[in-house]
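Here is a short note to read alongside the structure. Please keep the sequence open while going through the points.

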Amino acid sequence: MNNLEQCLKCNLCTLVCPMMEVNPDYPGPKKAGPDGERYRLKDPAFFDYALKYCLNCKRCEVACPSDVHIGDMIQAARIKYGSQAKAKGLRGLRDWTLASTDLVGSLASPFAPVVNEVLQLKPVKSVMDGMLGVDKHRTFPKYSKQKFVNWFRKQDQSGFDRFVSYFHGCYVNYNYPKLGQDLVKILNAAGYGVHLLEKEKCCGVALMSNGFAARAKKQGAVNLASIRKAAEAGEPVLTTSSTCTFTMRDEYPDVLGLQNSDVRDNIMLATKWLYEKISSGEIKLKFRKDFRMKVVYHTACHMQKMGWQLYSIELLRMIPGVTLTVLDQNCCGISGTFGFKKENYGFSQKIGSKLFEDIRTSNPEYVATDCETCKWQIEMSTGIPVLNPIEVLAEAIEL
Ligand code: SF4
Ligand code: SF4
């Protein structure tokens with residue numbers, strides 16, 4: 001993972017770093033990554049607290065011709081040396097709350113209508129802005145009163161002879177069950193039954209980026225144990241979030257040191273799995289004749305890092321009635337919980353501005369993307385609704 005000696009000093013990574021463009025305090029991928037690591041290994045006092053600005057978007061790694069694990073190096077340095085930089089007091093409470101997605105989701109969900117209303121009130125937003133440092137301009141994703149797992153328990157999945165497992169993630173469970181419901185409906189229509197994992201925890205991405213690596217590792221170990229059981233039963237583990245997928249496949253071993261080589265290939269985005277099954281003729285879906293939708297596709301940064309945007313794009317292209325435009329890849333700027341924080345909100349919106357402009361110019365009915373936090377950022381900043389490609393597919397087929 002720490003392959004700094006491979007750096008050719010070509011500076012290509014600095015050309016694509018979205019944070020460098022908007023923040024003169026950020027040293028950029030080359031200095032924060034391989035150059036900085038050389039110094040940090042000699043003396044940890046060389047750790048630069050400006051590394052907190054790294055979005056972990058991995059665009060630098062995509063651009064690097066020498067496969068230097070720049071983003072991983074920065075993430076690992078933040079975990080190893082940056083614990084003193086963790087926010088204290090009310091800002092520390094904010095970071096802990098933003099990172100504790102399972103706990104906050106399970107507390108908020110039963111009172112969803114009230115919580116959603118309260119989080120929109122201007123005085124509440126002002127207090128959160130002033131005291132906690134959650135920017136008042138940010139819109140919170142709404143909570144759902146019915147959790148996805150509660151809906152799923154009522155679905156009869158017994159009449160199938162082929163099964164897949166589904167890692168729903170906290171967003172589907174507490175905020176947006178519709179996405180998981182759409183996937184289950186598509187899979188059932190394709191002749192597959194769905195199982196949930198024996199135990200599922202948040203993938204841990206928000207914990208890692210807020211400095212709670214030990215908790216992320218614990219949750220990752222629980223997820224991997226359940227993914228192994230699914231693999232033993234011969235079931236692929238499908239996902240609907242590019243960030244959860246990337247975290248469990250690549251960040252677990254590269255940043256958290258969790259060995260997953262035996263099951264890594266078993267964790268797969270549902271769009272990739274469906275595209276491969278449909279294009280090979282193994283799955284046949286019946287499409288609605290009257291379906292029409294004008295869509296632009298936004299490639300989330302972690303999708304680009306995995307190189308899997310092609311599957312989502314081709315899946316959308318397979319749908320009769322979809323008029324699709326693929327946008328140039330630009331970071332949306334939210335980077336999970338980063339863009340919620342008052343000190344980062346301005347950078348977040350500046351970084352996303354190119355993407356917002358491209359979307360507005362294309363004037364679509366919907367934006368499609370595989371990342372939920374990109375969805376929050378784009379909907380808030382452009383007013384145009386965002387769907388996961390799975391939702392577009394579910395809308396287009398006859399169920
Ligand atoms: S991960 Fe993204 S923000 Fe961080 S150094 Fe690389 S390109 Fe820049
Ligand atoms: S792109 Fe890769 S090889 Fe070039 S300077 Fe950056 S880390 Fe080094």
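**Notes on the predicted model**

1. A nonpolar patch of about 660 Å² lies on the surface, formed by Leu 90, Leu 93, Trp 96, Leu 103, Leu 107, Val 127 and Met 131. Three elements give two or more residues to this patch: α6 (89–99), α7 (101–108) and α9 (122–132). Please keep in mind that this is a predicted model.

2. Helix α6 gives the most to the nonpolar patch, namely three residues. Leu 93 is found in this helix, α6. The relative accessible area of Leu 93 is 43%, so this residue is partly exposed, between the limits of 20% for buried and 50% for exposed.

3. Which residues surround ligand 2? Four cysteines appear in its surroundings, Cys 7, Cys 10, Cys 13 and Cys 64, together with Leu 8, Lys 9, Asn 11, Lys 30, Pro 34, Pro 65, Val 68 and Ile 70. Sorted by class, the shell consists of nine nonpolar residues, two charged and one polar.

4. Is Cys 13, from the shell of ligand 2, buried or exposed? Its relative accessibility is 10%, and Cys 13 therefore counts as buried, the cut-off being under 20%.

5. How many disulfides does the structure hold? The number is zero. Cys 332 is an example of a cysteine in no disulfide: the nearest cysteine sulfur belongs to Cys 374 and is 3.8 Å away. A disulfide requires the two sulfur atoms to be within 2.5 Å, so this pair does not count as one.

6. Cys 332 has a relative accessibility of 4%, and because this is under 20%, the residue counts as buried.

Methods: Residues numbered from 1 in each chain as written. Chains lettered and ligands numbered in written order. Predicted model: local features only at pLDDT ≥ 70, side-chain atom pairs only at ≥ 80, totals over all residues. Heavy atoms only, no water. Near = heavy atom within 4 Å. Nonpolar A, V, L, I, M, F, W, Y, C, P; charged D, E, K, R; others polar. Patch = residues over 30% accessible without salt bridge, like charges linked within 9 Å, V, L, I, M, F, W, Y side chains within 5 Å. Areas by Shrake-Rupley, 256 points an atom, 1.4 Å probe, with all protein chains shown as cover. Salt bridge = Lys/Arg side-chain N within 4 Å of Asp/Glu carboxyl O. Helix = DSSP H or I, 4+ residues; strand = E, 2+ residues; numbered from the N terminus. Buried < 20%, exposed > 50% of the residue type's maximum accessible area, 1.4 Å probe, protein only.
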